[in-house]
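Dear colleague,

I am passing on to you the structure that we talked about, with the sequence and the coordinates together in one place. Please look it over first, and then read the notes below, which go through what was found in it.

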Amino acid sequence: MSRVICKSILSPSLTSTQLRFAPFRIASSRASKMAAAEPSSSSSPPSPSSAIDFLSLCHRLKTTKRTGWVRRDVQEPESIADHMYRMGLMALIAADIPGVNREKCIKMAIVHDIAEAIVGDITPSDGIPKQEKSRMEQEALKNMCELLGGGERAKEISDLWMEYEENSSMEAKVVKDFDKVEMILQALEYEKEQGKDLEEFFESTAGKFQTDLGKAWALEVASRRLKK
C-alpha cells in the first residue's frame, strides 16, 4: 500500500494513542445508542436484553491484556478481568476490619476497572493527562450504566466506582491497597516464571499503602521476593 493511500486512511491528526483507543470509543458510541432504544426503570432489575448487552461488553475485560505487562514483553500477560478477579478474592479472604464493610469491598474490587471495557487500560506512559483519563472513564461508565438499563444495579456500580476513584471511604482505601498488592504479587510471579526484572512496579508502590492490612500483605510479598 502506498504512503499516499496510508495517509488518506490514517489521518495525520490521529495519533498512535488515539488509534489504540479507537475501538473502545466505537463500543462506547454503540452502547449509548443501544441504551437509548430501551427504556429503564429506577426500581426494576435490568431486563434480560440489557443484562446480556452489558455482559457482552464486559467481555472486553477478559480479552484486554494489562498494558504494563504487555510493554515489558511478559508472555501471556493477565487480562483486566484476571486482575479484578484476584482482587475480589483478596477482599473475600481478608480479615475483618472495624468500620469496613467486607461485602462492599468485594463489589468494589470487581467494578473498580470496569470502565476499561470501553477505554482500555490507560497508563501514565500513554501521555493522557489524569483529568482527561478520568473524564474518559466517567463517560464510559455512564454509557455502560445506560446500557444496563439504568436503575438500582447501574447506580450501585456507578457509586462504587466513583467512591473508589475519589478514595472517599475506608472501603476504597482497602481496595486501592488490594490493587497495588495484586500488582506487585503478579510482578513477583512473572519474575519467578519468566526471569524478568520488574523492580519498577515495586518502586511505584513503595510508601503508598494506606491501611495496615495493605502494608502487611505488601511486606509479605516483598519478603518472598528477597527469597526467590
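Where α6 and α9 meet, K104, K107, M108 and V111 come from α6, while E156, I157, L160, W161, E163 and Y164 come from α9. Please keep in mind throughout that this is a predicted model. The axes of α6 and α9 come within 9 Å and cross at roughly 85°, and α6 and α9 are therefore roughly perpendicular to each other. By residue class, the contact of α6 with α9 is made up of 6 nonpolar and 4 charged residues, with no polar ones.

A second pair of helices has another arrangement, and I set it out in the same way. The axes of α10 and α12, the latter being residues 212-227, also come within 9 Å, but they cross at roughly 10°. Because angles under 35 degrees count as roughly parallel, α10 is described as roughly parallel to α12. On the α10 side the contact is made by D177, F178, V181, I184, L185, L188 and E191, and on the α12 side by L213, G214, W217, A218, V221, R224 and R225. The residues of this contact of α10 with α12 divide into 9 nonpolar, 1 polar and 4 charged.

Turning to the open spaces, the largest pocket has a volume of about 1,300 Å³. It is lined by 38 residues, of which I122, T123, P124, K133 and D179 are the closest to its centre. Several helices take part in this lining, since at least two residues each are supplied by α4, α8, α9 (151-166), α10 and α11 (199-205). The lining of the largest pocket divides into 12 nonpolar, 10 polar and 16 charged residues.

The second largest pocket holds about 350 Å³ of space, and of the 15 residues that line it, F54, L55, C58, I110 and I114 are the closest to its centre. The elements that give two or more residues to this lining are α3 (48-63), α5, α6 and α9, and the largest share, 6 residues, comes from α3. The lining of the second largest pocket consists of 11 nonpolar, 1 polar and 3 charged residues.

As for enclosed space, the count comes to 1 cavity of 30 Å³ or more, and about 70 Å³ of space lies in the largest cavity. The residues lining the largest cavity are A91, A94, A95, D96, I97, V100, R102, C105, V174 and F178, and the elements that give two or more residues to that lining are α6 (102-111) and α10 (170-194). F178 thus appears both in the lining of this cavity and in the contact of α10 with α12. The cavity lining is made up of 8 nonpolar and 2 charged residues, with no polar ones.

Finally, there is the matter of charged pairs, of which a search of the whole structure finds 18 that are salt bridges. In one of them, D126 pairs with R71, the closest N and O atoms being 2.4 Å apart. D126 lies in the loop between α7 (116-119) and α8 (130-147), whereas R71 lies in the loop between α4 (67-70) and α5 (80-93), so the pair ties together parts that are 55 residues apart in sequence.

With best wishes

Methods
Residues numbered from 1 in each chain as written. Predicted model: local features only at pLDDT ≥ 70, side-chain atom pairs only at ≥ 80, totals over all residues. Heavy atoms only, no water. 1 Å grid on protein atoms, 1.4 Å probe; cavity = no way out; pocket = protein on both sides within 12 Å on 5 of 7 lines; lining within 4 Å. Points joined across faces, edges and corners; volume = space filled by probe spheres on them. Helix = DSSP H or I, 4+ residues; strand = E, 2+ residues; numbered from the N terminus. Nonpolar A, V, L, I, M, F, W, Y, C, P; charged D, E, K, R; others polar. Axes fitted to C-alpha atoms, helices over the stretch in contact; angles between N-to-C directions. Parallel < 35°, antiparallel > 145°, perpendicular 65-115°, else oblique. Contact = heavy atoms within 4.5 Å. Salt bridge = Lys/Arg side-chain N within 4 Å of Asp/Glu carboxyl O.
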